[in-house]
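User: I'm new to reading protein models and would like to learn on a real one. Can you walk me through some features step by step?

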Amino acid sequence: MTKLENEQEQFGSNLELIGRENIDDLEAVLSVVGSYDKEGFHRVPDNCPAEFTWDYKKGAKPQLDKLYEKAKKAQWNAQTDLDWSIEVDQEQVVIANAEANPAQMQWDDAALAGTVLEKWDEKKFIEFGMQNQNWLLSQFMHGEQGALLCTAKIVETVPWIDAKYYAATQVMDEARHVEVFSKYLDEKLSGHYPMNAHLGMLLDDIVADSRWDMTYLGMQIMVEGLALAAFGFIHMMTTEPLLKKLLRYVMADEARHVAFGVLSLQEYYKELSAAELRERQEFAFEAAIRMKDRMAMQEVWDRMEVPTADVVKLMTAAPERDDFQILLFSKIVPNLKKLGLLDAADGWLRQKFTEMGAIAFENLTDSTEDEDAFADGSPAESKAA
Ligand SMILES: [Fe+2]
Ligand SMILES: [Fe+2]
């Protein structure tokens with residue numbers, strides 16, 4: 001047996017890691033469905049020890065210290081820095097967005113012929129567009145709450161004082177993000193959705209893990225990396241001025257959060273053994289699949305009374321829509337490369353992202369060079385100017 005085979009054989013199979021052998025097994029993806037917890041809350045045991053440090057020397061990690069100082073100046077107020085008096089006519093927004101983004105948001109008749117959507121009239125498409133917005137913003141809100149809890153956990157568990165300080169600013173950022181998405185849903189849209197089950201499984205895994213760096217890997221690198229790309233798309237495509245500004249403000253914060261993840265993990269991962277790195281590679285793969293699975297938007301199709309399997313086939317047949325889903329990995333892949341996780345164990349994870357069609361992003365800049373991206377859009381910066 002060659003060295004390569006030996007090393008790669010130690011990885012879990014797809015079945016062991018994600019519960020199915022074929023990553024595109026639609027039936028398996030759709031068998032996982034989200035619902036509201038009847039109690040009105042969801043409790044996950046947190047298995048990671050809280051860690052005091054007696055080394056209070058500020059600036060021992062200069063890059064984290066710099067990020068902390070930046071974050072203190074970049075705080076903004078969700079209630080007063082956004083113009084909540086802007087009226088949102090959700091139906092009109094759906095129509096205007098579709099007109100502005102025909103490739104991503106309009107279906108052509110030829111593609112619809114013979115499918116379940118063939119009989120839909122314009123009213124039905126508009127209703128779908130509204131449900132789609134309700135679902136997407138609900139997932140943003142739930143994901144932001146996940147970030148709030150994870151970052152509070154990092155304050156407890158990370159061993160370095162500079163990282164605890166920075167994470168404390170991120171806790172405040174995430175509180176503000178939950179607040180803006182919740183307010184936008186309540187005041188401007190027309191309904192809520194529960195957390196998508198795939199996203200929920202991932203967040204539970206992240207919170208339950210006993211190793212402090214897994215919180216970072218799951219949240220800052222994977223979930224926030226994907227969120228930053230997703231916010232960027234919606235920001236680019238929406239014609240609604242309040243949402244556009246809100247996303248711009250949130251993105252200015254998120255760019256720092258993803259940089260925090262890479263800066264914190266890059267040295268630490270250089271010290272890990274091959275076996276420890278293997279567990280991180282497996283975890284990154286599992287996280288990527290969970291996030292890809294949620295894009296089927298099963299809860300929306302259920303509400304529209306359309307079998308999800310039929311529409312997913314229709315969507316994957318439209319190349320613009322498929323490209324769009326893969327683009328969501330454009331921040332994650334360069335960051336995993338920077339952390340050494342793409343290349344460890346002779347490129348096991350590189351192979352996984354190749355199979356997912358997302359490896360081409362590996363040469364984009366990683367988020368340590370990107371922490372000020374969108375900063376000019378934040379209200380704190382414009383007040384300082
Ligand atoms: Fe956030
Ligand atoms: Fe964040």
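User: Where is Ala345 placed?

Analyst: Ala345 sits in helix H18. Keep in mind that we're looking at a predicted model. Ala345 takes a positive phi of about 50°, although it is not a glycine.

User: Is Ala345 buried or exposed?

Analyst: The rule here is that a residue under 20% relative accessible area counts as buried. Ala345 has 14% relative accessibility, so it counts as buried.

User: How do I read the rest of that helix? Which residues of H18 are buried?

Analyst: Start with the general idea: an α-helix has 3.6 residues a turn, so residues three or four places apart point the same way. Now the case here. The buried residues in H18 are Ala344, Ala345, Gly347, Trp348, Leu349, Lys352, Phe353 and Met356.

User: And how many residues does helix H18 have, and what span does it reach?

Analyst: Helix H18 covers residues 344-356, which makes 13 residues. From the first C-alpha to the last it reaches 18 Å, close to the 18 Å expected at 1.5 Å a residue. Just after H18 comes Gly357, with a positive phi of about 80°.

User: Let's try the metals. Which residues coordinate the iron ion (ligand 1)?

Analyst: For a metal, you look at which atoms donate to it and at the angles among them. The iron ion (ligand 1) is coordinated by Glu144 (OE), Glu174 (OE), His177 (ND1) and Glu254 (OE), at 1.9 to 2.2 Å. Along the chain these donors follow the spacing E-x29-E-x2-H-x76-E.

User: What do the angles at this iron ion (ligand 1) tell me?

Analyst: As a yardstick, ideal angles at a metal are 109.5 degrees for four tetrahedral donors. Four donors count as tetrahedral if all angles lie between 85 and 135 degrees. The 4 donor atoms of the iron ion (ligand 1) make angles of 85 to 137°, and the site is irregular. Glu144 lies in helix H8 and Glu174 in helix H9, so this pair ties together parts that are 30 residues apart in sequence. Glu144 and Glu174 are both buried.

User: Which protein donors does the iron ion (ligand 2) have?

Analyst: The iron ion (ligand 2) has Glu174 (OE), Glu224 (OE), Glu254 (OE), Glu254 (OE) and His257 (ND1) as its protein donors, lying 1.8 to 2.7 Å from it. Yes, Glu254 really is listed twice! The spacing along the chain is E-x49-E-x29-E-x2-H. Glu174, in helix H9 (residues 161-188), and His257, in helix H12 (residues 241-270), are 83 residues apart, and this pair links distant parts of the chain. Glu174 is buried, and His257 is too.

User: Which residue coordinates both iron ions, and how far apart are the ions?

Analyst: That's Glu174, which coordinates both the iron ion (ligand 1) and the iron ion (ligand 2). The two ions are 3.0 Å apart.

User: Now for empty space. How many cavities of 30 Å³ or more does the structure hold?

Analyst: The general trick is that rolling a probe the size of a water molecule over the atoms shows where empty space is left. This structure holds 1 cavity of 30 Å³ or more. The largest cavity has about 40 Å³ of space. Among the residues that line it are Val29, Leu30, His198, Arg294 and Met297. Helix H3 (26-30) and helix H14 (298-303) each give two or more residues to that lining. By class, the lining has 5 nonpolar, 3 polar and 3 charged residues.

User: You listed Met297. What is its phi?

Analyst: Met297 has a positive phi of about 50°, although it is not a glycine. Met297 is in the loop between helix H13 (274-293) and H14. With 10% relative accessibility, Met297 counts as buried.

User: And helix H3? Is Glu27 buried or exposed?

Analyst: Over 50% relative accessible area is the cut-off for exposed. Glu27, which lies in helix H3, has a relative accessible area of 70% and is exposed.

User: Last one: how much space lies in the second largest pocket?

Analyst: About 750 Å³ of space lies in the second largest pocket. It is lined by 25 residues, and the closest to its centre are Asp37, His42, Gln145, Met195 and Asp204. Helix H8 (122-157) and helix H10 (197-208) are the elements that give two or more residues to this lining. The lining divides into 12 nonpolar, 9 polar and 4 charged residues.

Definitions and conventions
Residues are numbered from 1 along each chain as its sequence is written. Chains are lettered from A and ligands numbered from 1 in the order in which they are written. This is a predicted model: local features need pLDDT of at least 70, side-chain atom pairs count only at pLDDT 80 or more; totals for chains, interfaces and linings use all residues. Side-chain values use heavy atoms; hydrogens and water are left out. On a 1 Å grid over the protein atoms alone, a cavity is a set of points where a 1.4 Å probe fits but cannot get out, and a pocket is an open set with protein on both sides within 12 Å along at least five of seven lines; lining residues have an atom within 4 Å of a point. Grid points are joined across faces, edges and corners, and a volume is the space filled by probe spheres set on the points. Helices (H or I, at least four residues) and strands (E, at least two) are DSSP runs, numbered from the N terminus. Ala, Val, Leu, Ile, Met, Phe, Trp, Tyr, Cys and Pro count as nonpolar, Asp, Glu, Lys and Arg as charged, and the others, Gly among them, as polar. Donors are N, O and S atoms within 2.8 Å of the metal (3.2 Å for Na, K and Ca); water is not among the atoms, so sites may look incomplete. Buried means under 20% relative accessible area, exposed over 50%, partly exposed in between (1.4 Å probe, protein chains only). Four donors count as tetrahedral if all angles lie between 85 and 135 degrees; four count as square planar and six as octahedral if opposite donors are over 155 degrees apart and all others between 65 and 115; anything else is irregular. The expected span of a helix is 1.5 Å times one less than its number of residues.
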